[in-house]
Amino acid sequence: MKQDLKYTRNIGIMAHIDAGKTTLTERILFYTGITHKLGEVHDGAATMDWMVQEQERGITITSAATTTYWKYLNDDHKINIIDTPGHVDFTVEVERSLRVLDGAVAVFCGVGGVEPQSETVWRQADKYKVPRIAFINKLDRVGSDFLRVVSEIREKLGANAVPLQLPIGSEENFRGVVDLIQRKAVIWHDDAKLGTTYQLEEIPEDMMEEVEEWREKLIEAVCISDDRLLEKFLEDRDSISVEEFMGYARRATIRMEMVPVLAGSAFKNKGIQRLLDGIVAMLPCPLDIEAVTGINPDTEKEEKRAPDPDAPLAGLAFKIATDPFVGRVTYVRVYSGVLREGSYVLNTRTGKKERINRLYQMHANKQLPKEFIEAGDICGAVGFKDLRTGDTICSIDSPIILESMDFPEPVISVAIEPKTQQDMDRLGMALGKLTEEDPTFLINTDPDSGQTIIRGMGELHLEILIDRLRREFKVECNQGRPQVNYKEAVTQLIEHREVFKKQTGGRGKFADIQIKIGPADPGVVGLQFVNEVKGGNVPREYIPAIEKGFKESLKNGPLAGYPMESLKVILFDGSYHAVDSDALAFEICAKQAFRHAASKAKPVLLEPIMAAEVVTPEEYMGDVIGDFNKRRGQVEGMESRAGARVIKAKVPLAEQFGYVTTLRTLTSGRATSAMTFSHFQEVSSELSKSILEKISGKTVA
């Protein structure tokens with residue numbers, strides 16, 4: 001039976017750590033009948049946090065996928081939900097989830113408001129043009145303030161946040177919401193029934209004025225988004241029905257012209273049913289989203305694929321997970337066509353055919369077998385041999401490459417070594433599986449010591465991966481101290497000539513290039529290669545080999561072998577030999593030119609700088625700022641938030657190891673902190689000297 005896509009929603013729940021995303025998802029599963037008992041994060045019993053590490057720490061690490069159903073206006077709607085992590089170390093999980101979603105619910109804490117990771121995930125959603133609604137949670141908490149958080153969403157995120165509801169009562173007296181469109185109070189009376197029932201009542205007298213004021217603001221926001229509605233409104237505002245108004249509000253939300261804001265308390269079971277109504281009423285179905293665009297690898301022209309089961313298959317693998325019972329599960333968003341069990345599909349990255357053994361509709365870590373999955377849906381597939389995150393799968397006779405995903409560079413590394421020979425045998429396989437799952441987890445071998453170096457996005461990221469090695473793969477490891485992933489750059493433009501000659505009986509090797517090497521233009525990352533050769537002094541067919549030589553050289557900088565952040569190379573002259581020159585000679589020549597020239601172009605060391613935010617009670621503010629100063633940090637601003645002070649600073653990552661423990665000691669455990677990667681910055685010459693001495697073990701002049 002062909003499903004009607006207008007009744008499907010693919011949504012994600014995104015937020016800062018501790019805003020209550022997972023608790024909210026648990027409530028959604030309970031009210032939609034998927035679970036019959038409420039799992040709590042603080043008890044380690046949340047359905048969506050199924051990994052042991054998630055249950056112990058009370059945080060979400062992997063984005064779990066689940067499918068549920070909700071009745072709205074007498075129609076059953078299918079909702080595919082992805083619960084994403086809030087911790088900055090797992091930001092890639094959010095990135096890849098947003099890439100395949102049609103809409104999102106941004107959850108904000110009623111006390112904390114817009115926090116650092118809220119801003120990060122909001123920018124990621126902007127990047128993928130994901131329409132969203134906001135849910136202000138924890139309104140039962142002391143210090144919560146619904147309207148303050150609405151104004152923060154407007155100011156800090158630049159979003160047109162428009163409340164659809166106002167809370168009734170605050171803090172421990174929070175008991176319901178006012179629906180501004182229907183002009184009704186929605187009250188949850190009986191806590192014993194876990195919020196399953198609510199009553200529609202008249203708006204409390206003392207709120208009438210405030211309700212009318214915000215209702216007018218809502219009407220104005222929706223009318224501005226559509227000329228026809230504005231015209232109708234000016235002629236006769238009473239002629240606009242609630243359904244018609246909701247239709248226009250939905251269109252404005254999908255076009256990202258407004259962000260509807262809802263209120264509630266997931267932990268106290270208030271506001272969830274109305275949020276589910278809001279998800280169905282306001283967020284797009286696959287048909288509302290533009291057809292996905294890709295490149296046909298045969299013609300190299302753009303092609304569009306509409307969400308139609310009759311169109312050729314196009315899907316994107318957005319996550320790979322290792323399941324203890326099923327094996328390697330690949331999460332796929334099907335954009336067009338039908339994915340069938342037992343069929344063959346084309347992986348456009350490898351150009352090879354892959355067979356799908358089994359298909360599943362996912363519910364956290366449980367699976368419901370399916371024979372086929374149609375366009376607009378999300379599923380888990382088993383059987384792929386060589387599929388990575390970001391790969392496109394499509395019909396064999398209608399190839400297409402969908403836009404892949406960009407993943408950030410890891411900023412921290414740790415050396416690990418297996419404890420026994422048995423562990424050594426298992427380690428390679430385990431690390432292989434973990435790198436398949438997580439594109440921000442990289443492995444390399446130190447050429448000098450032969451140690452295995454694992455690299456990730458933060459201390460917690462690596463800590464959890466090492467914990468998973470121990471528990472899931474039974475590999476015991478010793479680990480070194482975390483190390484910062486520095487980078488290198490050059491600061492001066494110099495000219496250099498490199499001649500490569502080699503004569504070994506018979507045909508030799510010859511290449512001659514003249515280059516300028518220096519800092520890349522602002523905003524450029526990696527190699528900026530400029531070919532200014534005139535008159536054929538270097539034949540055109542050798543230019544790619546020269547570029548390749550420089551590109552490979554960027555992996556090892558001239559100072560300490562760290563990767564180069566960016567480099568500009570201008571090739572302006574050279575010469576060749578009719579017999580002895582070939583592409584390989586010019587590639588080797590480019591590598592030698594880099595080695596000789598880069599060290600003369602005043603190379604410098606760059607270190608990762610983190611944007612830190614600490615929320616602390618007033619009395620500890622001086623201690624926290626003093627500690628930042630000791631860590632070479634720059635305090636950039638302070639503000640008050642719900643009776644606490646928020647300190648924002650930029651701090652080198654090298655100074656932040658073990659910071660959480662120090663902060664707990666300084667503030668008697670009352671402050672919280674968050675860190676996100678900001679940028680790379682040049683290290684002072686004095687510090688650079690000590691870092692290089694530490695690395696090489698020799699005194700640097």
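Modeller: Before we look at this predicted model, a word on handedness: a crossing counts as right-handed if the near helix is turned clockwise from the far one by less than a right angle, and as left-handed if anticlockwise.

Biologist: Okay, so which hand is the crossing of α14 and α15?

Modeller: The crossing of α14 and α15 is right-handed, and their axes, which come within 10 Å, cross at roughly 145 degrees.

Biologist: Which residues meet there, α14 against α15?

Modeller: From α14 there are D623, V624, D627 and F628, and these meet Y659, T662, L663 and L666 in α15; by class, that contact has 5 nonpolar, 1 polar and 2 charged residues.

Biologist: And which residues of α14 are buried?

Modeller: In α14, which spans residues 621-630, the buried ones are M621, V624, I625, D627 and F628. Seen down the helix axis they fall within an arc of 160 degrees, so they line one face of α14, while G622 and K630, on the other side, are exposed.

Biologist: What do the buried residues of α14 pack against?

Modeller: They pack against the strands β35 (603-616), β36 (634-641) and β37 (644-652), and also against α15 (659-666). Just after α14, R632 takes a positive phi of about 60 degrees.

Biologist: Switching topic, at what angle do α6 and α7 pack?

Modeller: Helix α6 (residues 208-224) packs against helix α7 (residues 227-235) at about 130 degrees, the axes being 7 Å apart, and that angle makes α6 oblique to α7.

Biologist: Which residues meet in that pair?

Modeller: I219, V222 and C223 of α6 meet L229, L230 and F233 of α7, and this contact divides into 6 nonpolar residues, with no polar and no charged ones.

Note on methods:
Residues numbered from 1 in each chain as written. Predicted model: local features only at pLDDT ≥ 70, side-chain atom pairs only at ≥ 80, totals over all residues. Heavy atoms only, no water. Axes fitted to C-alpha atoms, helices over the stretch in contact; angles between N-to-C directions. Helix = DSSP H or I, 4+ residues; strand = E, 2+ residues; numbered from the N terminus. Parallel < 35°, antiparallel > 145°, perpendicular 65-115°, else oblique. Contact = heavy atoms within 4.5 Å. Nonpolar A, V, L, I, M, F, W, Y, C, P; charged D, E, K, R; others polar. Buried < 20%, exposed > 50% of the residue type's maximum accessible area, 1.4 Å probe, protein only. Arc of directions from axis to C-beta.
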